[in-house]
Amino acid sequence: MASSGLSIRRPTEPLRRVGALVRVSSLDTAVVRRAQGGDPAALDLVVRHLLPYLGRICGSIALERGEEALQETMFAVVKHLSALREPAALQGWAKQIAVRTALAVSRGPVPSPVDPQDVMRLVGVADNTTSVDVREVLRGLTPEHRAVLVLRDLAGAPESEIARLLGVPVGTVKSRLHRARQVFRSRWST
Amino acid sequence: MTPVDWPVAQLGPIERMSVLARALPGSAFAVRRTGLPLEAVWTYIEDLERAIPSLDAVVGTFEIIDRVDDRLVARVTASAWSRVRFLFDVRLEPGWCWMTSRRGMYAVGFAADSDGESTRVAHLEAMCIPAPRWARRLVAAALLMLSYPLRHHVASDLEGLMRGVADSRPSSETGQTAADS
């Protein structure tokens, strides 16, 4: 279930610093190995550990279809968990699955994203408060732009990693990030 | 403080349990819907010492021998072989119950969630055989075969659960039940 009533507050620091605040602690590699071997108690721990982190990624990229993206992500994670060679890489590996799944779900049969200019106009009308619906702002971005923004500013991934993950040049990542941040900043400056 | 409240997707307990069902090749998993309120269903389930032996014909006794917050240790005896005892580690939270045998060979789960005016209840049972990497596919195939009889068992348990919840309520408040999946 996607949570409701989400809002953004006027940032007191650069957006890109956010990533460091939402990193999650790593799971004991012994637990991951037990889960890979089919231990049900360890599997429960792995799922519990990953859900909040992947939920942010799926929720921010797939928006209203975030729950669907998250469940598909978790299905893929547990299906392929035993193939993960390095347990310490669990979170980064799961993040890749989440981003790709959320992008695929977002590209599904849903209405096309609206033009960012429309969103800026929408959210800028008669609203002098410091809070707006962050979904409304994200909805103004394509899934690809949301993915770049989420990976950089939520997950704290470097641009080179984002480029590798999405299969695009670093220059494309930079331009997408620039455009995505523009939408946010435009809102904050109104 | 995080200045941006990013949208967060969450899974309810039923969906979370379905993930564990996918992860365990020897599992049987079923969901039922009932018109009874979530509170009534969960009040019945969380009384494990009473509920488990009454809904599961294989279980003779279910005794909680230790408890720290939401973590319990239970001693279970089979109805046919009362001298054989199994220890289960239990995680019991509102809408969520996950029980695993001490050696990790068996798992039992219950989950419940409100779905508007009705309540969905999920039940999972799984045989688990920890396996080294090279044997995992073979073990998974064997567990899949063994899981077929478990499906009937899980369906039977859910029937027993619904009967138990209904019997624990005044007759005017009992709701209709229907298979969901």
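Guide: Two strands pair if DSSP finds at least two bridges between them. The elements themselves are DSSP runs, numbered from the N terminus: helices are H or I with at least four residues, strands are E with at least two. What you see is a predicted model, in which local features need pLDDT of at least 70 and side-chain atom pairs count only at pLDDT 80 or more, while totals for chains, interfaces and linings use all residues. Residues are numbered from 1 along each chain as its sequence is written, and chains are lettered from A and ligands numbered from 1 in the order in which they are written.

Visitor: OK, let's try it on chain B. How many bridges join strand E4 to E5(B), and in which sense do they run?

Guide: Six, with E4 (residues 85-93) and E5 (residues 96-101) running antiparallel. To find the register, look at B:Asp89, whose bridge partner in E5(B) is B:Thr100. Their hairpin has two residues between the strands, and B:Gly95 there takes a positive phi near 80 degrees.

Visitor: What does E5(B) join on its next hairpin?

Guide: Strand E6 (residues 106-115), again antiparallel, through five bridges. B:Trp98 is matched with B:Gly109 of E6(B). Four residues lie between the strands in this hairpin, where B:Gly104 has a positive phi near 70 degrees.

Visitor: And going back along the chain, which strand pairs with E4(B)?

Guide: E3(B) does, in the antiparallel sense over seven bridges, with B:Val73 opposite B:Asp89. E3 (residues 71-78) also pairs antiparallel with E2 (residues 59-68), over eight bridges. In that pairing B:Arg67 stands opposite B:Leu72. The hairpin has two residues between the strands, and its positive phi, near 55 degrees, belongs to B:Asp69.

Visitor: Is E5(B) mostly covered or exposed?

Guide: Count neighbours: a residue is buried if 20 or more other C-beta atoms, placed from the backbone, lie within 10 Å of its own, exposed if 12 or fewer, and partly exposed in between. By that count, five of the six residues of E5(B) are buried.

Visitor: Over to chain A. How many helices and strands are there?

Guide: 10 helices and zero strands. Of its 190 residues, 43% count as buried.

Visitor: How do I read the packing of H3 and H4 of chain A?

Guide: Fit axes to C-alpha atoms over the stretch in contact, then take the angle between N-to-C directions, from 0 to 180 degrees. H3 (residues 40-62) and H4 (residues 66-80) sit at about 140 degrees, axes 9 Å apart. The pair is therefore oblique; under 35 degrees is roughly parallel, over 145 roughly antiparallel, 65 to 115 roughly perpendicular and the rest oblique. Contact needs C-beta atoms, placed from the backbone, within 7 Å. Among the residues making it are A:Leu43, A:Val47, A:Leu50 and A:Leu54 of H3(A), and A:Leu70, A:Thr73 and A:Val77 of H4(A). An α-helix has 3.6 residues a turn, so residues three or four places apart point the same way.

Visitor: One more: why does A:Gly37 count as buried?

Guide: Because it has 21 C-beta neighbours inside 10 Å. A:Gly37 lies in the loop between H2 and H3 of chain A, and beyond residues up to four places away in sequence, A:Gly37 touches B:Pro130 and B:Ala131. In H2 (residues 29-36), A:Val32, A:Arg34, A:Ala35 and A:Gln36 are buried. The buried residues of H2(A) pack against H3 and H5 (90-106) of chain A.

Methods:
Contact = placed C-beta atoms within 7 Å.
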